[in-house]
Amino acid sequence: MSLQKTPPTRVFVELVPWADRGPANNLVSGGETLPGLRHPLSSTQAQTATREVHVSGTSELSGGPDRAQVVMRVSSTKEAAAEAKKSVCRRLDYITQSLQQQGVQAENITVTKDFRRVENAYHMEAEVCITFTEFGKMQNICNFLVEKLDSSVVISPPQFYHTPGSVENLRRQACLVAVENAWRKAQEVCNLVGQTLGKPLLIKEEETKEWEGQIDDHQSSRLSSSLTVQQKIKSATIHTASKVFITFEVKGKEKRKKHL
């Protein structure tokens, strides 16, 4: 007995976006649940389904210190109390007047005085703490005072630091640059595949890092006081890095309307 030929099978397939179904609806024969089962969206849902592109962006910025502090110490030891005070106050007045003439504001100058008896003599010591925002001016003033005053005036090496506002601004700028880099990457991807980048759906800063500048091993082996001003600025420089993750909506290329 000859077998009848089975007619060729014709299969029609339509590709549409898929969506996850809830676990309660993933039933198969026998009442078992099939985890992760997906079902096709309706034609209306397919038209409104959101297409996305996920990108990450990174940035690394650095910022030098915006403040420097210099301390000047004046001292004198005399048998008479008046002589000790007179010696210190004379040089102290010269320092404060020189600072004001160079444009240093009074709120950036702090003066403290200490007077005590040492054995059979009197010792007076004054300390002038100056905060600078212009490092070139700081160097000029210190060089001038070293030249004009004797060895009884001790000028400490400058200490560089950051104000809280400058550090926070650096962190914020690093995040913004990372977001911009991620946006540019997503824009280039969409252009490459012939799509239009839409609005951001999610922006998340995933990682931040922060560290101070390091000088090389040869310089670090030297005493901090022997470093140059530029080396100290480099050592006090703060570096901050940011990594962001962004999800963008993807739109199809808009068709241009033909003008009659």
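Q: Why is Gly63 called buried or exposed, whichever applies?
A: In this predicted model, Gly63 has a relative accessible area of 15%. Buried means under 20%, so Gly63 is classed as buried. The residue belongs to strand 3 (residues 51–63).

Q: What is Gly63 in contact with, leaving aside its neighbours within four places in sequence?
A: Gly63 is in contact with His162, Leu170, Thr237 and Ile238, once neighbours within four places are left aside. Contact here requires heavy atoms within 4.5 Å. As for Thr240, its C-alpha lies 8.6 Å from that of Gly63, although 177 residues separate the two in sequence.

Q: What makes Trp211 buried, partly exposed or exposed?
A: The relative accessibility of Trp211 is 34%. The intermediate class runs between the limits of 20% and 50%, so Trp211 counts as partly exposed. Trp211 is part of strand 9 (residues 195–212).

Q: Which residues does Trp211 contact, leaving aside neighbours within four places in sequence?
A: Beyond those neighbours, Trp211 is in contact with Glu60, Thr237, Ile238, His239 and Ala241. Thr237 and Ile238 are also listed among the contacts of Gly63. The C-alpha atoms of Trp211 and Thr240 are separated by 6.5 Å, with their positions 29 residues apart along the chain.

Q: What is the arrangement of the rings of Phe115 and Tyr122, and why is it so called?
A: The structure holds two aromatic pairs. In the pair of Phe115 and Tyr122, the ring centres are 5.9 Å apart and the planes meet at 5°. Centres within 6.5 Å make a pair and planes under 30 degrees apart count as stacked, so Phe115 and Tyr122 form a stacked pair.

Q: How do you know whether Phe115 is buried, partly exposed or exposed?
A: Phe115 has 34% relative accessibility and therefore counts as partly exposed. Tyr122, at 21%, also counts as partly exposed, because buried would require a value under 20%.

Q: What lies over the face of Phe115?
A: Lys85 lies there, at 4.9 Å from the ring centre. The distance limit for a charge over a ring is 6 Å.

Q: Why is the pair of Phe135 and Phe160 called stacked, tilted or edge-to-face, whichever applies?
A: The ring centres of Phe135 and Phe160 are 5.0 Å apart and the planes stand at 80°. An angle over 60 degrees counts as edge-to-face, so this pair is edge-to-face. Both Phe135 and Phe160 are buried.

Q: Which parts does the pair of Phe135 and Phe160 tie together?
A: Phe135 lies in helix 3 (residues 135–148) and Phe160 in strand 8 (residues 159–161), so the pair ties together parts 25 residues apart in sequence.

Q: Which residues have the most contacts inside the largest nonpolar core?
A: That core has 27 residues, and those with the most contacts inside it are Met72, Ile95, Leu99, Val128, Met138 and Phe160. Two or more residues each come from strand 4 (67–78), helix 2 (81–101), strand 6 (121–132), helix 3 and helix 6 (229–236). Met138 touches Ala68, Val70, Phe132, Pro158 and Phe160, not counting residues up to four places away in sequence. A second, separate core has 12 residues, including Val55, Ala178, Ala186 and Leu197.

Q: What makes Leu149 buried or exposed?
A: Leu149 has a relative accessible area of 14%. With the limit for buried at under 20%, Leu149 is therefore buried. Its place is in the loop between helix 3 and strand 7 (153–155), and it touches Tyr94 and Ile95, not counting residues up to four places away in sequence.

Q: Why is Glu119 called buried, partly exposed or exposed, whichever applies?
A: Glu119 has 75% relative accessibility. Exposed means over 50%, so Glu119 counts as exposed. Glu119 is found in the loop between strand 5 (109–118) and strand 6. Its phi is near 50°, a positive value in a residue other than glycine.

Q: Where does pLDDT stay under 50?
A: It stays under 50 over residues 1–38. Where pLDDT is low, the predicted coordinates should not be read in detail. Among the elements of the chain, strand 1 (residues 18–20) has the lowest mean pLDDT (45), and helix 4 (residues 164–192) has the highest (96). The chain averages a pLDDT of 81.

Methods: Residues are numbered from 1 along each chain as its sequence is written. This is a predicted model: local features need pLDDT of at least 70, side-chain atom pairs count only at pLDDT 80 or more; totals for chains, interfaces and linings use all residues. Side-chain values use heavy atoms; hydrogens and water are left out. Rings of Phe, Tyr and Trp (its six-membered ring) pair if their centres lie within 6.5 Å; planes under 30 degrees apart count as stacked, over 60 as edge-to-face and the rest as tilted. Buried means under 20% relative accessible area, exposed over 50%, partly exposed in between (1.4 Å probe, protein chains only). Helices (H or I, at least four residues) and strands (E, at least two) are DSSP runs, numbered from the N terminus. A charge sits over a ring if NZ of Lys or CZ of Arg is within 6 Å of the ring centre and within 35 degrees of the ring normal. A nonpolar core is a set of buried Ala, Val, Leu, Ile, Met, Phe, Trp, Tyr and Cys residues joined through side-chain atoms within 4.5 Å. pLDDT is the predictor's confidence in each residue, from 0 to 100.
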